[in-house]
Amino acid sequence: MLNLPNILTLSRIVTIPLLVFLLWWPGWAFGYLLAFALYCLMGFTDYFDGYLARSSGTVSKLGVFLDPIADKIMVAAVILVLTAQGWLRGPWAGDFHVIAGLVILMREIAVSGLREFLGPLQVSVPVSKLAKWKTAAQMVSLGALILAGALPGWTMPLGDAVFNVPHIVGLVTLWTAAVLTLITGWDYLRVGLRHMD
């Protein structure tokens, strides 16, 4: 069970507390830079562990179980800490940007429950291309929001105000991910409803 893909997956789970610690201090730009580098490394291992498992024929039940859990824990931890530290507060909508984060978290919980329900029925829910786009937008969004804390001086004027560029990119892509989340979540729910009496 402790092959390289599974070790990479476990390393993501073990590293989450360090990522949370680095994000806990919103005024510490260097800490956020370290957090951004760690987040990118975790994203790389997410891709690499799956690629290694498939290419080497070492796909295991443990890996299939742990990989989505590692992803969901990481995403939930980052969204919660960024919300607590005020990074999901932004122009025009204020705290309303938190709704986009909530949509993403609720969908992750709902889809996990749906997969658990469909498992004993031996019904698989394949990942659609749109769901992959959702994941990409989500990862870019969270990375950009972390980068905003690392580069507070990267700003641009917009009207009478000055905005942090990564922060705006992060909020826009967060809403993009939230919209795609609703669409793909509904697709998964329709599949599940066919198997519910």
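A salt bridge is a side-chain nitrogen of Lys or Arg within 4 Å of a carboxyl oxygen of Asp or Glu. The structure, a predicted model, holds 7 salt bridges.

One of these contacts pairs D67 with R12 through their side chains, at 2.9 Å from N to O. The two partners lie in distant parts of the chain. D67 belongs to helix 3 and R12 to helix 1, with their positions 55 residues apart. Their surroundings were assessed by relative accessibility. R12 has a value of 1% and counts as buried, because buried means under 20%. D67 reaches 23% and is partly exposed. Both residues also take part in a network. Salt bridges with shared partners join R12, D46, D67 and D71 there.

A second contact involves K72 and E108. Their side chains form a salt bridge at 3.3 Å, N to O. This pair, too, links distant parts of the chain. K72 sits in helix 3, E108 in helix 4, and the two are 36 residues apart. K72 is partly exposed at 26% relative accessibility. E108, at 10%, is buried. E108 also meets R107 in a salt bridge, at 3.8 Å from N to O. R107 has a relative accessible area of 10% and is therefore buried.

K72 appears again in the lining of the second largest pocket. This pocket has a volume of about 200 Å³. Its lining consists of F65, P68, I69, K72, S112, R115 and E116. Helix 3 (61–84) and helix 4 (98–118) are the elements that give two or more residues to this lining. Helix 3 provides the largest share, 4 residues. By class, the lining has 3 nonpolar, 1 polar and 3 charged residues.

The surface also carries a nonpolar patch of about 820 Å². The residues that make the patch are L18, F21, W24, W25, W28, F30, L33 and L34. Helix 1 (4–23) and helix 2 (29–56) each supply at least two of them. The largest share comes from helix 2, with 3 residues. F21 is placed in helix 1. This residue has a relative accessible area of 45% and is partly exposed. The value fits the patch criterion, because patches are made of residues with over 30% relative accessible area and no salt bridge.

Definitions and conventions:
Residues numbered from 1 in each chain as written. Predicted model: local features only at pLDDT ≥ 70, side-chain atom pairs only at ≥ 80, totals over all residues. Heavy atoms only, no water. Patch = residues over 30% accessible without salt bridge, like charges linked within 9 Å, V, L, I, M, F, W, Y side chains within 5 Å. Areas by Shrake-Rupley, 256 points an atom, 1.4 Å probe, with all protein chains shown as cover. Buried < 20%, exposed > 50% of the residue type's maximum accessible area, 1.4 Å probe, protein only. 1 Å grid on protein atoms, 1.4 Å probe; cavity = no way out; pocket = protein on both sides within 12 Å on 5 of 7 lines; lining within 4 Å. Points joined across faces, edges and corners; volume = space filled by probe spheres on them. Nonpolar A, V, L, I, M, F, W, Y, C, P; charged D, E, K, R; others polar.
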